[in-house]
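Student: I have a fold open on my screen and would like to understand the words used to describe it. Could we go through them together?

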Amino acid sequence: MPAKRKPNQGAVIMTTYTTIGDVRGCCGHAHRTIEAAERCRQCDAEGCREQGGYSDRRVMRSDGAPLDESEMDAIHAARS
Ligand SMILES: [Zn+2]
């Protein structure tokens with residue numbers, strides 16, 4: 001019995017994440033995990049706080065697709 005092919009087999013499609021804000025702009029990274037992106041966002045927020053401001057960056061998928069539920073969960077888990 002032949003192995004079932006997955007639709008994306010053979011294509012390396014890796015989701016990456018970045019952080020972006022209207023004021024702060026984009027961090028310019030392609031984070032390979034959403035946790036890394038969240039840490040990057042927290043670092044930026046920390047740096048802004050030290051200067052008396054705040055960061056309006058939020059975690060986004062690099063492909064522009066909205067975050068799904070498991071990704072939102074991962075962000076919340078990384079925050080606690
Ligand atoms: Zn970053």
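Tutor: Happily! Let's begin with exposure: a residue is buried if 20 or more other C-beta atoms lie within 10 Å of its own, exposed if 12 or fewer, and partly exposed in between. Keep in mind that this is a predicted model.

Student: Then why is Ser-62 called partly exposed?

Tutor: Ser-62 has 16 other C-beta atoms within 10 Å. That count falls between the limits of 12 and 20, so Ser-62 is partly exposed.

Student: Where does Ser-62 lie, and which residues does Ser-62 touch?

Tutor: Ser-62 sits in the loop between S3 and H2. Leaving out residues up to four places away in sequence, Ser-62 touches Thr-16, Tyr-17, Thr-18 and Ala-30. Thr-19 is 43 residues from Ser-62 in sequence, with 8.7 Å between their C-alpha atoms.

Student: On to the strands. How do you know that S1 pairs with S3 and with S2?

Tutor: Two strands pair if there are at least two bridges between them. Strand S1 (residues 17-21) and strand S3 (residues 58-61) have four bridges, and S1 has two with strand S2 (residues 25-26), so both pairs meet the cut-off. Each pairing is antiparallel. As examples, Tyr-17 has Arg-61 of S3 as its bridge partner, while Gly-21 has Gly-25 of S2. A hairpin of three residues links S1 to S2.

Student: What makes S2 and S3 the edges of the sheet?

Tutor: The open sheet runs in the order S2-S1-S3. S2 and S3 each have a single partner strand, so one side of each has no neighbour in the sheet. Helix H1 packs on this sheet, where H1 touches S1 and S3 and its direction makes about 30 degrees with that of S1.

Student: And why is H1 called oblique to H2?

Tutor: H1 (residues 34-50) and H2 (residues 69-79) pack at about 50 degrees, with axes 9 Å apart. Roughly parallel needs an angle under 35 degrees, and roughly perpendicular needs 65 to 115. An angle of about 50 degrees fits neither range, so H1 is oblique to H2. The crossing is right-handed.

Student: Which residues make that contact, and how do they divide by type?

Tutor: H1 provides Ile-34, Glu-35, Glu-38 and Arg-39, and H2 provides Glu-71, Ala-74, Ile-75, Ala-78 and Arg-79. These divide into four nonpolar, no polar and five charged. Ala and Ile count as nonpolar, Glu and Arg as charged.

Technical notes
Residues numbered from 1 in each chain as written. Predicted model: local features only at pLDDT ≥ 70, side-chain atom pairs only at ≥ 80, totals over all residues. Axes fitted to C-alpha atoms, helices over the stretch in contact; angles between N-to-C directions. Parallel < 35°, antiparallel > 145°, perpendicular 65-115°, else oblique. Left-handed = near helix turned anticlockwise from the far one by under 90°. Contact = placed C-beta atoms within 7 Å.
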